[in-house]
Amino acid sequence: MVVLDEAKEKLSQLEVIWVDQGYSGKNFANAVKQVCGEQVRVEVIARTANTVEQLPKR
């Protein structure tokens, strides 16, 4: 939450935060709302693949 707290002034127009399944839960969502405001909703994005794939080197 430190990252969100440091950018609090810039986040006043934020509407949605997409997170992976590691950040699901009411405690996380409540903390985001405390920092960013009640208008923000947290959406958990489910992984579609069950495997890990190696990305090509850039």
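Helices here are DSSP runs of H or I with at least four residues, numbered from the N terminus. Keep that in mind as you open the model, which is a predicted one.

**Stop 1: the end of a helix.** Select H2, residues 26-36, and then step one place beyond its end. Gly37 follows H2, and its phi is positive, near 115°.

**Stop 2: the two sides of H2.** Which residues of H2 are buried? Colour Ala29, Ala31, Val32, Val35 and Cys36, and you have them. Now look down the helix axis: these buried residues fall within an arc of 160°, so they line one face of H2. Turn the helix around to find the face pointing away from that buried side, where Lys26, Asn27 and Gln34 are exposed.

**Stop 3: the strands.** Next, show strand E1, residues 16-19, together with strand E2, residues 41-44. How do E1 and E2 run relative to each other, parallel or antiparallel? They run parallel, joined by 4 bridges. Follow the chain from E1 through H2 to E2 and you trace a β-α-β crossover, which is right-handed. Two places to click across the pairing are Val16, which stands opposite Arg41 in E2, and Trp18, which has Glu43 of E2 opposite.

**Stop 4: the nonpolar core.** Select Leu11, Ile17, Val19, Val32, Val35, Cys36 and Val40 as sticks; these 7 residues make up the largest nonpolar core. E1 and H2 each supply at least two of its residues, and the largest share, 3 residues, comes from H2. Such a grouping fits a broader pattern: in soluble globular proteins, nonpolar side chains tend to be buried together.

Stay with one core member, Val19. What does Val19 touch, leaving aside residues up to four places away in sequence? Its contacts are Phe28, Val42, Glu43, Val44 and Ile45.

**Stop 5: a pair of rings.** From Val19, move to its contact Phe28 and add Tyr23 to the selection. Phe28 and Tyr23 form an aromatic pair, with 5.3 Å from centre to centre. The planes of the two rings are 50° apart, and the pair is tilted. Counting such pairs in the model gives 1. Before you leave, show the surface around Tyr23: this residue is partly exposed, because its relative accessible area is 46%, and partly exposed covers what lies between under 20% for buried and over 50% for exposed.

Terms used. Residues numbered from 1 in each chain as written. Predicted model: local features only at pLDDT ≥ 70, side-chain atom pairs only at ≥ 80, totals over all residues. Heavy atoms only, no water. Core = buried A, V, L, I, M, F, W, Y, C linked by side-chain atoms within 4.5 Å. Buried < 20%, exposed > 50% of the residue type's maximum accessible area, 1.4 Å probe, protein only. Contact = heavy atoms within 4.5 Å. Pairing = 2+ DSSP bridges. Right-handed = clockwise from strand over helix to strand, strands pointing away. Phe/Tyr/Trp six-rings, centres within 6.5 Å; stacked < 30°, edge-to-face > 60°. Arc of directions from axis to C-beta.
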